[in-house]
Amino acid sequence: MSHPVKASEFLKDPDKAKWHDETLWFVRDKRDNSSKGIPEWEKLRDTASQIKDNVLANLDKYLLAFEEKAKANHIHVHWAKDAEEHNQIVLRILQKHKCKAIVKSKSILTEECHLNPFLEKHGVDVVDTDLGERIVQLLHQPPSHIVLPAIHLKKGEISDLFHEKLQTEKGNEDPEYLTHAARTHLREKFLAAKVAITGVNFAVAETGEFVVCTNEGNADMGVHLADVHIACMGIEKIIPRRKDLGVFLRLLARSATGQPITNYNSHFRSPSPGKELHVVLVDNGRTKQLAREKFKNSLKCIRCGACMNTCPIYRRSGGYSYGSVVPGPIGSILSPGLDIKKHSTLPFASTLCGSCSDVCPVKINIHEQLYEWRQEIAKSQGLNIKKLSMQIANGVFSVPFAYQMSGALLRGALKILPNSIAYSGINAWGKQRELPEVPQETFKNWYKKNKA
Ligand code: SF4
C-alpha cells in the first residue's frame with residue numbers, strides 16, 4: 001500500500017490524528033526551547049556535521065581501527081553484510097549458550113533486520129524492555145516512531161492492553177500505576193535472561209568502546225544481569241574520538257525530547273570478568289547508500305527523531321503510513337535506497353518546507369534529498385498520470401491559442417459540471433478542498449478593458 005492510502009487509513013479517526021499532531025508538536029517545542037538554552041547550538045550542529053563528513057570519507061579506516069581496539073579489549077567483533085547474516089550471527093551466539101530467552105533494549109537496527117520474528121521462529125523468546133517497545137510488542141505492532149515507539153497510542157489503549165496482558169485494574173489509566181505494572185513484569189524477564197541484546201548509539205574508533213543511550217536504564221539492567229551482551233550496530237555509528245561524544249550527546253537528547261542529556265549514557269569497553277561481549281557490525285545496504293553521492297549524507301543520521309516531530313506530514317499521517325522501519329523524512333530518503341519500487345511514494349510525502357533540515361542536529365539536507373529522490377523515481381518509472389498531465393499542460397501552455405481555448409472551455413464546463421464529476425476520484429485535489437469560483441472573464445480581457 002502506498003503512503004497516501006495508509007495515511008488516509010490513519011486519518012479516518014480525525015480526533016486521534018489531531019491529538020497525534022499536537023503531541024508531536026509539543027515534543028518539537030521542547031526541542032526548540034532546549035536548543036535555545038545553549039548559545040553554541042549552531043556551532044555544535046556544524047561540528048557534528050563535519051565529524052560525520054570525516055567519518056563517511058574514512059569509514060573503512062575507522063571501522064578497522066574500532067575492530068582492532070575492540071578485539072584488544074576482549075570484545076568479539078563480527079561483520080554482517082546484510083540482515084540475514086546479522087540474524088544468523090546472533091542466533092549462533094544464542095545457540096552456543098543454549099539460550100532460549102533474551103532481553104533486548106531499543107535497537108532500530110534489529111527492527112530493520114527483523115530479528116525478533118527470526119529468533120522467535122527458532123524458538124527464542126524475545127522481550128523488548130523499553131516501555132514503549134514492550135507496549136507495541138504486546139500488541140504485535142512495530143514501533144511507529146524511532147524514539148517514541150508507542151506515540152500513536154493513547155493512555156486508555158495502553159490501560160486496556162495492560163489489563164488484558166498484565167492483569168492490571170480495568171480502566172486504571174494512571175501512568176504511574178501502569179509503569180509500575182510494566183516494571184514488575186519486566187523485572188522477571190531481566191532476571192531470567194542469560195543474554196541481553198542492545199543497539200549502539202556511538203562506537204569510538206580511537207578506543208574500541210561504544211555508548212548506549214536510554215532513558216529507562218533498561219539496557220544497563222539487561223546487560224548487567226546477563227552473562228552475554230550482544231551489541232548490534234550499523235556501520236555508520238562510528239565516531240573517531242571519545243571527545244567527539246561531547247558534541248553528539250549534547251545534540252542527541254535535546255533534539256530527541258528536549259532533555260539536556262539522556263538519563264543513561266552507558267559506556268561499554270570490555271566484558272566484565274567471566275562474561276562475554278559481542279559487537280555485530282552491519283552493512284545491510286549502507287555501503288550502497290555511501291556510494292550514492294547525492295544521498296550519502298543521510299548516513300550521518302543519529303536517529304534523534306526530530307525530523308519526524310516537526311514534519312507536518314508525519315504528524316498528520318502517523319508512522320505506519322510510511323511502511324518502513326524508519327518513518328518520517330529521514331525514512332523517506334533512506335528507504336528508496338533499499339527498494340525504490342516499494343517505497344516510491346515516500347519522497348512525495350513531504351511539503352518540502354525544509355523544517356526537517358532545519359532541526360536536524362547533523363545538518364542533513366533532508367528536503368533537498370527528498371526532491372532528488374523524486375527525480376530518480378520519475379526517471380525510473382515509465383509514463384504515469386502525472387507525467388502525462390504535465391506533457392499535456394506543456395503542450396497547452398506553449399501554444400497561446402490552445403491555452404485561450406482550453407481556458408474558455410474549462411470556465412464554461414466548471415459552471416455546469418455537477419459536483420459528482422468535479423470532485424470525483426480523478427480530482428484528488430478536490431477531496432478536501434473547494435474549487436475556486438470561476439471568474440467571468442480572463443485576466444487578459446479584463447486588462448485590455450482596464451488598461452487605460
Ligand atoms: S535525519 Fe537528522 S533529525 Fe532526522 S532522525 Fe536523523 S539526525 Fe535526527
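In the predicted model, six strands assemble into an open sheet with parallel pairing, arranged in the order S1-S10-S7-S4-S2-S3. Its edges are formed by strand S1 (76–80) and strand S3 (125–128), each of which pairs on one side only. Between neighbouring strands of this sheet, the average turn is 20°, direction ignored. At the S1 edge, S1 pairs with strand S10 (residues 276–282) in the parallel sense over 5 bridges. Within this pairing, Trp-79 is found opposite Leu-281 of S10.

Two helices that pack on the sheet were examined. Helix H4 (residues 59–72) touches S1 and S10, and its direction makes about 150° with that of S1. Helix H5 (residues 83–96) likewise packs on the sheet, where its contacts comprise S1, strand S2 (101–104), strand S4 (195–198), strand S7 (228–234) and S10. The direction of H5 makes about 145° with that of S1.

Charged side chains form 28 salt bridges in the structure. One of these joins Asp-32 and Arg-31, with an N to O distance of 2.6 Å. Asp-32 is buried, its relative accessible area being 11%, and Arg-31 also counts as buried, at 8% relative accessibility. A further salt bridge links the side chains of Lys-165 and Glu-164 at 3.9 Å, N to O. Here Lys-165 is partly exposed, with a relative accessible area of 34%, whereas Glu-164 is exposed, with a value of 55%.

The salt bridge between Glu-209 and Arg-242 has its closest N and O atoms 2.8 Å apart. Because Glu-209 lies in strand S6 (residues 209–214) and Arg-242 in the loop between strand S8 (238–239) and helix H12 (245–256), this pair ties together parts that are 33 residues apart in sequence. Glu-209 counts as buried at 2% relative accessibility, while Arg-242, at 38%, counts as partly exposed. Elsewhere, salt bridges with shared partners connect Glu-42, Arg-45, Asp-46 and Lys-363 into one network.

The ligand is surrounded by 13 residues, of which Cys-301, Cys-304, Gly-305, Cys-307 and Cys-360 come nearest. By class, the shell around the ligand consists of 11 nonpolar residues, 1 polar residue and 1 charged residue.

How values were computed. Residues numbered from 1 in each chain as written. Predicted model: local features only at pLDDT ≥ 70, side-chain atom pairs only at ≥ 80, totals over all residues. Heavy atoms only, no water. Near = heavy atom within 4 Å. Nonpolar A, V, L, I, M, F, W, Y, C, P; charged D, E, K, R; others polar. Pairing = 2+ DSSP bridges. Helix = DSSP H or I, 4+ residues; strand = E, 2+ residues; numbered from the N terminus. Axes fitted to C-alpha atoms, helices over the stretch in contact; angles between N-to-C directions. Contact = heavy atoms within 4.5 Å. Salt bridge = Lys/Arg side-chain N within 4 Å of Asp/Glu carboxyl O. Buried < 20%, exposed > 50% of the residue type's maximum accessible area, 1.4 Å probe, protein only.
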